[in-house]
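Q: Hi! Could you walk me through this structure? I'm new to this, so plain words would be great.

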Amino acid sequence: MLSSLRKVITEVLDRVGGPKASLCLDFDGTLAAIAPEPSEARLDQSVRQALLAIQETDRIMVGVISGRAIEDLTHRVGIDGLVYAGNHGLEILGNGLRFVEPDALLAKDELRQTVKELVASLWPIPGIRIEDKRLTAAVHYRLAADSQLPKIWAAVNQAVSPYASRLHVRSGKKSIEITPRTGWNKGSAVCWINRRFGIPPRSSVYVGDDTTDEDAFVALKGGVTIKVGPSRQTHAHYSLKDPGEVQELLEYIARGHEAGNSRQ
Ligand SMILES: [Mg+2]
């Protein structure tokens, strides 16, 4: 795997230079630095400017794919005309697209019930935050004492157990994620988006830092895949150090576009 910024920039500029390309990025830890509290994560104004400039090419479809709920994601990025995929790709909105994964919709009632039970069972534990994202839910324990962790896991497993055929529990970053059992992931979402716009796999770029982004790295073998952060084990072709390097990459793509425009 190659990991110098210059090599990544050269490869990406080559792939997005055709008549149609896509650039999809994760949000937390990729476009925006990880914040101590998820609610504090902000998109830097210069990153927003670069995304705007790239989107204005009309040749490059820009997508943001995140575990956040779609309303939250749309609000944080705040650019009209991008494709937004929330809840790890279970819902997709923007640039003419509107999609909700059907199996996730079927599990909505069970998820709502699980959240209700978790609110009732976890409230005595200080530092717990339960996030209801409509199609998925998360129990954030970053601010809770480590000694409470077994109790938190037991409560989640107990709440989910009646709905185990529909819901799945997995460990996230200082959180426990409750998701519907679907075969759908960020990789399925990005391939679905590419097909909608008729974008060939070769012209598809994906940037992400999470374990859930690995599904997209696998799905986009023919494209350019970039892991942000330490990359001990990843399916991505390239890596970048941090969101600062992602910003530099975006600025290069944006400038490439401007240079192309001035030649027209
Ligand atoms: Mg991330």
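Q: Which residues lie nearest the centre of the largest pocket?
A: Happy to help! Keep in mind that this is a predicted model. The residues nearest the centre of the largest pocket are D28, K173, S175, E177 and D210, and they belong to a lining of 26 residues.

Q: What's the volume of that pocket?
A: The largest pocket has a volume of about 600 Å³.

Q: And how many of its lining residues are charged?
A: The lining has 14 charged residues, along with 9 polar and 3 nonpolar ones.

Q: Which strand gives the most to the lining?
A: That's β8, with 3 residues. Both β8 (167–172) and β9 (175–180) supply at least two residues each.

Q: Where does the pocket lie relative to the domains?
A: Domain 1 (5–101 + 184–263) and domain 2 (104–180) both give residues to the lining, so the largest pocket lies between them.

Q: Cool. New topic: which residues of helix α3 are buried?
A: Helix α3 covers residues 70–77, and its buried residues are I70, D72, L73, R76 and V77. Looking down the axis of α3, you'd see these buried residues fall within an arc of 160°, so they line one face of the helix.

Q: What do they pack against?
A: The buried residues of α3 pack against helix α2 (45–55) and against the strands β2 (60–65), β3 (83–86), β4 (91–94) and β6 (129–132).

Q: Last one: what follows α3?
A: G78 does, and its phi is positive, near 65°.

Note on methods. Residues are numbered from 1 along each chain as its sequence is written. This is a predicted model: local features need pLDDT of at least 70, side-chain atom pairs count only at pLDDT 80 or more; totals for chains, interfaces and linings use all residues. Side-chain values use heavy atoms; hydrogens and water are left out. Buried means under 20% relative accessible area, exposed over 50%, partly exposed in between (1.4 Å probe, protein chains only). Helices (H or I, at least four residues) and strands (E, at least two) are DSSP runs, numbered from the N terminus. The arc is that of the directions from the helix axis to the C-beta atoms. Contact means heavy atoms within 4.5 Å. On a 1 Å grid over the protein atoms alone, a cavity is a set of points where a 1.4 Å probe fits but cannot get out, and a pocket is an open set with protein on both sides within 12 Å along at least five of seven lines; lining residues have an atom within 4 Å of a point. Grid points are joined across faces, edges and corners, and a volume is the space filled by probe spheres set on the points. Ala, Val, Leu, Ile, Met, Phe, Trp, Tyr, Cys and Pro count as nonpolar, Asp, Glu, Lys and Arg as charged, and the others, Gly among them, as polar. Domain bounds come from an automatic or database domain assignment.
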